[in-house]
Amino acid sequence: GCHMTPAIPEADWLPPAASESNGAASDSGAPRPVYGWNDTGNADRLADTFGEDLIYCHERQAYYVWTGQRWQFDEFIQVERRAEQTIRNAFAEAGSIDDKDKRKAFLSFLNKSLSRNSLANMTHLAKKKVRGISATELDCDPWLLNLENGTIDLKTGYLRAHCREDLISKLIPLKYDPSAK
């Protein structure tokens, strides 16, 4: 199966203790993570929300974004969209803050977080929170051919689903048809 390794080993980083949270729980019953009201907290939010769809290549100093078919080089357009969506999603959390002044301060913080500088800081800090790769890890398996409707393993001839773990950034704009002659 296709499995992606976690961006951050669990033992190296632990979220704040549950006692620091406001006591609100998510639908799963687990305590919701507590994020700092700063750029680093926002970067943590981004990595937690969209981390499986983002990788950062250090040599190219660029993000790649998972399209569902491949890892696409991103000139910060898609990652900034996700950063903005992360902050917009956080507005919903204000409803669980009972203290009126604290809620007002949180909403003010989120509005400031949507500024160009705050979003740039957030995406910059998230580079080390999402999976980092070397350029040599992309497209390194010569036996995988990526097409619109899946990836062909050229050793076996089988078409399989697109997979993040393959680290493929190229796509041939054709569909594989096994019945074609």
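This is a short guided tour of the structure above, with a suggestion at each stop for what to select next. Keep in mind as you go that the model is predicted.

**Stop 1: the whole chain**

Start with everything shown as a cartoon. You should find four helices and seven strands. Followed along the sequence, they come in the order α-β-β-β-α-α-α-β-β-β-β. Now colour by burial: of the 181 residues in the protein, 35% are buried. If you display contacts as well, take those with a separation of 6 or more; 59% of them link residues 24 or more positions apart.

**Stop 2: strand E2 and its two neighbours**

Select residues 62–66, which form strand E2. Is this strand enclosed or open? Five of its five residues are buried, so the rest of the structure largely encloses E2. Turn the strand to look at each face in turn. In a regular strand, side chains alternate between the two faces of the sheet. On one side of E2 you will see Ala62, Tyr64 and Trp66, and on the other Tyr63 and Val65, with both faces covered.

Next, add residues 54–57, strand E1, which runs antiparallel to E2 and is joined to it by four bridges. Then add residues 71–74: this is strand E3, also antiparallel to E2 and paired with it over four bridges. Tyrosine 64 is a handy landmark here. Across from tyrosine 64 in one direction is isoleucine 55, while its bridge partner in E3 is phenylalanine 73.

While you are here, look at the turns. The hairpin of E1 and E2 has four residues between the strands, and glutamine 61 in that turn has a positive phi of about 45 degrees. The hairpin of E2 and E3 likewise has four residues between its strands, and there glycine 68 has a positive phi near 105 degrees.

**Stop 3: tyrosine 63 and the cores**

Stay on E2 and show tyrosine 63 with its surroundings. Leaving out residues up to four places away in sequence, tyrosine 63 touches a list that includes Leu54, Phe73, Phe76, Val79, Ala126 and Val130. Tyrosine 63 is also among the residues with the most contacts inside the largest nonpolar core, together with Leu46, Leu54, Phe106, Leu110, Met122 and Val130; this core has 22 residues. Which elements give two or more residues to it? They are H1, E1, E2, H2, H3 and H4. There is a second, separate core of nine residues, and to find it you can select Ile55, Trp66, Leu138 and Leu167, which are among its members.

**Stop 4: helix H3**

Select residues 100–113. Helix H3 has 14 residues and spans 20 Å from first C-alpha to last, close to the 20 Å expected at 1.5 Å a residue. Show Phe106, Phe109, Leu110 and Ser113, which are buried. They cover an arc of only 100 degrees around the axis, which puts them on the same side of H3. Rotate to the other side and you meet the exposed Lys100, Asp101, Lys104 and Lys112. To see what the buried residues pack against, add helices H1 (39–50), H2 (77–90) and H4 (116–126). Finally, zoom in on the start of H3, where a side-chain oxygen of aspartate 99 comes within 3.0 Å of the backbone nitrogen of aspartate 101.

**Stop 5: helix H4**

Move to H4 and show its buried residues: Ser118, Leu119, Met122, Thr123, Leu125 and Ala126. Viewed down the axis, they fall within an arc of 165 degrees, so they line one face of H4. Their cover includes H1, E2, H2 and H3. Arg116 and Asn117 are exposed, on the face turned away from the buried side of H4.

**Stop 6: two buried charged side chains**

First pick arginine 45, in helix H1. Its relative accessibility is 4%, so arginine 45 counts as buried. Beyond residues up to four places away in sequence, arginine 45 touches Tyr35, Thr86, Ala90, Glu93 and Phe106.

Last, select aspartate 53, in the loop between H1 and E1. At 17% relative accessibility, under the 20% cut-off, aspartate 53 also counts as buried. Show arginine 164 too: a polar contact of 2.5 Å joins the two side chains. With residues up to four places away again left out, the other residues that aspartate 53 touches include Tyr64, Val65, Trp66 and Trp71.

Terms used: Residues numbered from 1 in each chain as written. Predicted model: local features only at pLDDT ≥ 70, side-chain atom pairs only at ≥ 80, totals over all residues. Heavy atoms only, no water. Buried < 20%, exposed > 50% of the residue type's maximum accessible area, 1.4 Å probe, protein only. Pairing = 2+ DSSP bridges. Expected span 1.5 Å × (residues − 1). Arc of directions from axis to C-beta. Contact = heavy atoms within 4.5 Å. Polar contact = N/O pair within 3.5 Å; in protein donor to acceptor, adjacent residues only side chain to side chain. Core = buried A, V, L, I, M, F, W, Y, C linked by side-chain atoms within 4.5 Å.
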